[in-house]
Structures are given as C-alpha cells and as structure tokens.
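Below is a short briefing for a reader who has not met this structure before. It starts with one residue and its contacts, then moves to the core and the chain as a whole.

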Amino acid sequence: MLTINVAVLLAFVVVMRLRRRTEARSRNDEKLTVFIVLVLGLLLAPTELGQGILRVTGQVVEQMAQLEL
C-alpha cells in the first residue's frame with residue numbers, strides 16, 4: 001500500500017503553485033496559496049524537521065541582531 005505524507009504533498013502543491021506567473025493570479029488564488037502554506041507550516045512545526053528549522057532560524061536572527069551597522 002502506498003502512503004503519502006501530507007506535508008510532502010502540500011510542499012509539492014506549494015512549489016507547483018508558486019511556479020506560475022504572478023500576473024495570472026487572482027486575489028482568491030493568492031489567498032488559497034497563503035492558506036496552503038500556513039497549513040504546511042502547522043504540519044511541519046511539531047516534527048523534528050520543523051524544530052530544526054526553528055533552531056537554525058533563531059540562530060540566524062540572533063547573529064543578525066548582534067551585527068553592528
């Protein structure tokens with residue numbers, strides 16, 4: 001039996017939707033894309049991958065905050 005991880009499926013859908021030309025998108029189409037990305041984020045957040053991304057992002061933000069301009 002073939003199983004499909006929902007997060008992987010949503011990631012594929014997001015990539016396919018973002019490959020389209022920007023001019024061809026309607027407002028509803030953009031709202032749907034944002035909703036799909038938010039759901040993908042919620043699915044990834046509790047996983048080990050999501051926690052790793054959170055740690056790396058936190059480290060990058062911390063390093064950028066320490067930079068003196």
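Leaving aside residues up to four places away in sequence, Arg-17 touches Arg-25, Asp-29, Leu-32, Thr-33 and Ile-36. The model described here is predicted. Arg-17 lies in helix 1, which covers residues 6-18.

**Arg-17**
- Arg-17 has a relative accessible area of 15%, so it counts as buried, the cut-off being under 20%.
- Among the contacts of Arg-17 are two residues with the name Arg or Asp, namely Arg-25 and Asp-29.
- Leu-32, Thr-33 and Ile-36 are also among the residues that Arg-17 touches.

**The nonpolar core**
- Five residues make up the largest nonpolar core: Ala-7, Leu-10, Val-14, Ile-36 and Leu-40.
- Helix 1 and helix 2 (27-44) are the elements that give two or more residues to this core.
- Helix 1 supplies the largest share of the core, with three residues.
- In soluble globular proteins, nonpolar side chains tend to be buried together.
- Ile-36, a member of the core, is also touched by Arg-17.
- Leu-40, another core residue, touches Ala-7, Leu-10, Ala-11 and Val-14, when residues up to four places away in sequence are not counted.

**Ala-11**
- Ala-11 is placed in helix 1 and is one of the residues in contact with Leu-40.
- With a relative accessible area of 31%, Ala-11 is partly exposed, because this value falls between the 20% limit for buried and the 50% limit for exposed.
- Ala-11 and Val-37 are 26 residues apart in sequence, and their C-alpha atoms are 8.0 Å apart in space.

**Helix 3**
- Helix 3 takes in residues 48-66, a run of 19 residues.
- At 1.5 Å a residue, helix 3 should span 27 Å, and its end C-alpha atoms are 27 Å apart, so the two values agree.
- Helix 3 is hardly covered, as one of its 19 residues is buried.

**The chain as a whole**
- The chain contains three helices and zero strands, and its pattern along the sequence reads α-α-α.
- Of its 69 residues, 14% count as buried.
- The accessible surface of the chain is about 6,200 Å², and carbon and sulfur atoms account for 66% of that surface.

Technical notes. Residues numbered from 1 in each chain as written. Predicted model: local features only at pLDDT ≥ 70, side-chain atom pairs only at ≥ 80, totals over all residues. Heavy atoms only, no water. Helix = DSSP H or I, 4+ residues; strand = E, 2+ residues; numbered from the N terminus. Expected span 1.5 Å × (residues − 1). Buried < 20%, exposed > 50% of the residue type's maximum accessible area, 1.4 Å probe, protein only. Contact = heavy atoms within 4.5 Å. Core = buried A, V, L, I, M, F, W, Y, C linked by side-chain atoms within 4.5 Å. Areas by Shrake-Rupley, 256 points an atom, 1.4 Å probe, with all protein chains shown as cover.
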